[in-house]
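Me: I am new to this structure and would be grateful for a close look at one part of it, namely how a pair of its helices meet. Please set out the details in a connected account.

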Amino acid sequence: MSGARTEGPDYRPQRVNILLITLDQFRGDCLSSAGHPLVQTPNLDALATEGVRLARHYSQATPCGPGRACLYTGTYQMNNRVVTNGTPLDARFDNVAHAGRRAGYVPTLFGYTDQAIDPRRATGPDDPRLSDYEEILPGFEAELDLRGDMTPWVDWLRGHGHEITGSIGRTLMTESRRPAEHSHAAFMTERAIDWLERQDGAAGPWFAHLSYLRPHPPYAAAGAWAERYDPAEVDLPIPALSPPLHPLHERAVATVPAPEDEAGVRRMRAQYYGMISEVDDQLGRLWAALRDAGAWEDTFIVVTADHGDQLGDHGLIEKMGWFEESHHIVGVVRDPRRPEAHGTAVDHFTENVDVFPTLCEAMGIEIPAQADGLPLTPFLAGEDPPWWREAAHWEYDWRDRFVGHVPVADWPWDRRLERHHLVVLRTETHGYVQFGNGSWLCFDLVADPTWRTTTEDPAVVLPLAQAMLTWRSEHSERTMTGIVLREGGVGRWPAPHPLDQVSPARASTSRR
């Protein structure tokens, strides 16, 4: 499909292909275009020069299931209530795949989405989907299903003469012993390119979601990428405070600690950087395939992650807590119809809940009322909206460590599990953390950007606490709150309305 761009004052862009890419556990600082001193990402950098890089882009929850629930539905965790891997995603929520179908696409998945089904939609108590948190988000057709034991990849490896034994974790851990062209990322890219080639001449545009596993642990890069970065040259992590500032951090250090020796930390970070560059290399193959197919100028691309990785910072690996390293993620968007913004970087706070409304506008459909995020469309047009948010927000819930210890007879009236939760408000100058048990932390990021220096100054803390209360009030669930039942039947608030005058951000979208 070509010739999407036209000229003239009545320009109405032709529908574009949609390519949504997630890179699992990809930290936002691990781009060479973001100034990383060592890791190289030439293909993501190239995309940024032909699109828009989101310099301060954040995931709204961890781990994978909660982070993806926010991404796919455009809602904060406080509304979608997916609090851990395995929490069902309520079937009442709209999502990117359903939206794609409304727009006339057939959303097609390569990889996985980690969304547990609503048990009310099960066929019965023996429905196998009730035993698996890795179910596919409703609305997607799985062209390549890489859930669980990743059978298609393992069979492919055996077909290439590799002896594969043991768990899938072991298969991933031994990627360094096999050629890079046989990696998990290479296999998925190859299958995606084969599919893209089959779309040539299709009746309409396509919608593909490529959900890459890497750079998710185990920390073992594929083939030669395992030797790409010398451990002696990698940067060392932010040291942990001793003692930790909060019991959650103390428990985390005991549960998911970073390697204790410097050599181990350096090896781990070198392997992670190798995985970063390997998946970037696979994206380069994908960009080339799009160009060869004549689809580059007709494809709207979003690259993001479900969350980041501590990578030894604060004494931790993986993802959790209030830590910025777990939530600051990669973000690049390319709209081929908006060349005026190509090569720019957005320094405003952007969030993964913005992806769903952005895709809705890219596909030319209404943004559902459930969406907590705002469309990134103004930035893609080279604008600087004065009404944009002034902080980023994320949540973390660790009740899964206690589920089963609250008597069933007391659930859901016993609220103790709700105390095992935190929410973060991250501004230009501070990081305010509110815990569900009433405790809090406030980090002075001007004095110390490593999130290790706190302040208890009421003149600083009180406005932040009030801002968080206001944020929660503004984003309470509102699917029905903009509707009134009166004479004449169902209706929405009439427009124009005085509220439009006080909130340009609301007036600029179709959320209300």
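Reply: In this predicted model, helix 1, formed by residues 42-49, packs against helix 9, formed by residues 262-292, at an angle of about 50°, and their axes lie 7 Å apart. That angle makes helix 1 oblique to helix 9. On the side of helix 1, the residues that take part are Pro-42, Asn-43, Leu-44 and Leu-47. They meet Asp-280, Asp-281, Leu-283, Gly-284 and Trp-287 of helix 9. By character, the residues of this contact comprise five nonpolar, two polar and two charged.

Beyond this pair, helix 10 (residues 355-363) may be considered for its burial. Helix 10 is mostly covered, with eight of its nine residues buried. The buried residues are Val-355, Phe-356, Pro-357, Thr-358, Leu-359, Cys-360, Ala-362 and Met-363. Just after helix 10 comes Gly-364, which takes a positive phi of about 80°.

The cysteines complete the account. The structure holds zero disulfides, and the distances for two cysteines may be given in turn. For Cys-30, the closest cysteine sulfur is that of Cys-64, and the two sulfurs are 17 Å apart, which is too far for a bond. Cys-30 counts as buried, because its relative accessibility is 1%. For Cys-70, the closest cysteine sulfur is likewise in Cys-64, at 13 Å, so this separation too is too far for a bond. Cys-70 also counts as buried, with a relative accessibility of 0%.

Notes: Residues numbered from 1 in each chain as written. Predicted model: local features only at pLDDT ≥ 70, side-chain atom pairs only at ≥ 80, totals over all residues. Heavy atoms only, no water. Disulfide = S-S within 2.5 Å. Buried < 20%, exposed > 50% of the residue type's maximum accessible area, 1.4 Å probe, protein only. Axes fitted to C-alpha atoms, helices over the stretch in contact; angles between N-to-C directions. Helix = DSSP H or I, 4+ residues; strand = E, 2+ residues; numbered from the N terminus. Parallel < 35°, antiparallel > 145°, perpendicular 65-115°, else oblique. Contact = heavy atoms within 4.5 Å. Nonpolar A, V, L, I, M, F, W, Y, C, P; charged D, E, K, R; others polar.
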